[in-house]
Every structure is written in C-alpha cells, then in structure tokens.
Amino acid sequence: MAGTADLRVMIVEDQAILAMELEMVLTDAGCDVVGCAMDRAGAFAVADRERPDLALVDVNLLDGLTGPQIAKRLVEEYGSAVVFLTANPEQIPEGFAGALGAVSKPFDEQTIQGVVAFARQFIRLKTVGAPPRRFRLAPWLTTPPADVAPH
C-alpha cells in the first residue's frame, strides 16, 4: 500500500524484534510508521517531532511501568489515539489512561490489522466500531464522550 498511508503511527516497545514486526504489519495495513521508542524519553521525542495519530504502547518498558504515563500524555497533549500492548494485562491502569484499549501479547498480524481498522474509524470518523478479536476495549468507550457519535 505504498503511497496510500493515511495514519501516522508510532511504536513504543522495548523488544526490538517485536517493534520491527509491528512496523512491517502496520506498513502493510496502510500506516506510516513515524518512529519507534523504547522508553518514556524516546516516546516523547518522537511525539514532539512527529505528532502521531496513533501510538501502540507497551505498558512495561525499559524504564519501568511508564506506558500508562506515556499514554496519558499522548492523548492529552498530542491528541493521539493509544492502544496498549502488554504481556501483563493486570498492569493496565484503571480507566486505561485515555487509551482506546489493549491487546495482550502474544498477538498476530490479523489482530494488529483489526486494531488499526478500529483506531482508524475512531480517529477519522469519531465513531466506535465493533472491537476486533483479542482487543480489550477501554471502559470509557462503552459510554463515549458527547463529541464521539453513538455506536
């Protein structure tokens, strides 16, 4: 889908091989991967420079359990949509720190493609579609804010 990327995505993941795999899947799904980071400082450097539409954020990174802090700031300051990726779903903060939802590791290409489609609809149309398989929807999306059309 070269030349048709319509979603600027950043990856915040401290496992380099997983980040590379995600980059390939996201590119195939029509996304422009604008950067990868392994910790909080790297994530904000990419966000400052690139202003991503979507961020896939691991909960527990090289610098500790910083994924929720990163997610909250990306949503509030940059207007990015966030999806958590985690091997430890119990570490996802109550309320999801503004994230759309979470995918448990390990995941497959089909799951990530579904998450991208879900996020794309949310970002572009401000509507909440059916959550993809293996995607845990954030509680706040079951009662979306007034500026998000009913689903």
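Which elements do the buried residues of α1 pack against? They pack against β1, β2, β3, β4 and α4. The model is predicted: local features need pLDDT of at least 70, side-chain atom pairs count only at pLDDT 80 or more, and totals for chains, interfaces and linings use all residues. Numbering starts from 1 along each chain as its sequence is written, and side-chain values use heavy atoms, without hydrogens or water.

**View 1. Helix α1 and its two faces.** Helices are DSSP runs of H or I, at least four residues; strands are runs of E, at least two; both are numbered from the N terminus. α1 has 13 residues. Its first and last C-alpha lie 19 Å apart, close to the expected 18 Å (1.5 Å times one less than the number of residues). Leu18, Ala19, Leu22, Val25 and Leu26 are buried (under 20% relative accessible area; exposed is over 50%, partly exposed in between; 1.4 Å probe, protein chains only). These buried residues fall within an arc of 125 degrees, so they line one face of the helix (directions from the helix axis to the C-beta atoms). Exposed Ile17, Met20, Met24 and Asp28 sit on the face turned away.

**View 2. The largest nonpolar core.** Such a core joins buried Ala, Val, Leu, Ile, Met, Phe, Trp, Tyr and Cys residues through side-chain atoms within 4.5 Å. This one has 29 residues. Leu22, Leu26, Leu54, Leu56, Val83, Leu100 and Ile112 touch the most other members. α4 gives the largest share, seven residues.

**View 3. Surroundings of Leu100.** Beyond neighbours within four places in sequence, its contacts (heavy atoms within 4.5 Å) include Val83, Phe118, Phe122 and Trp140.
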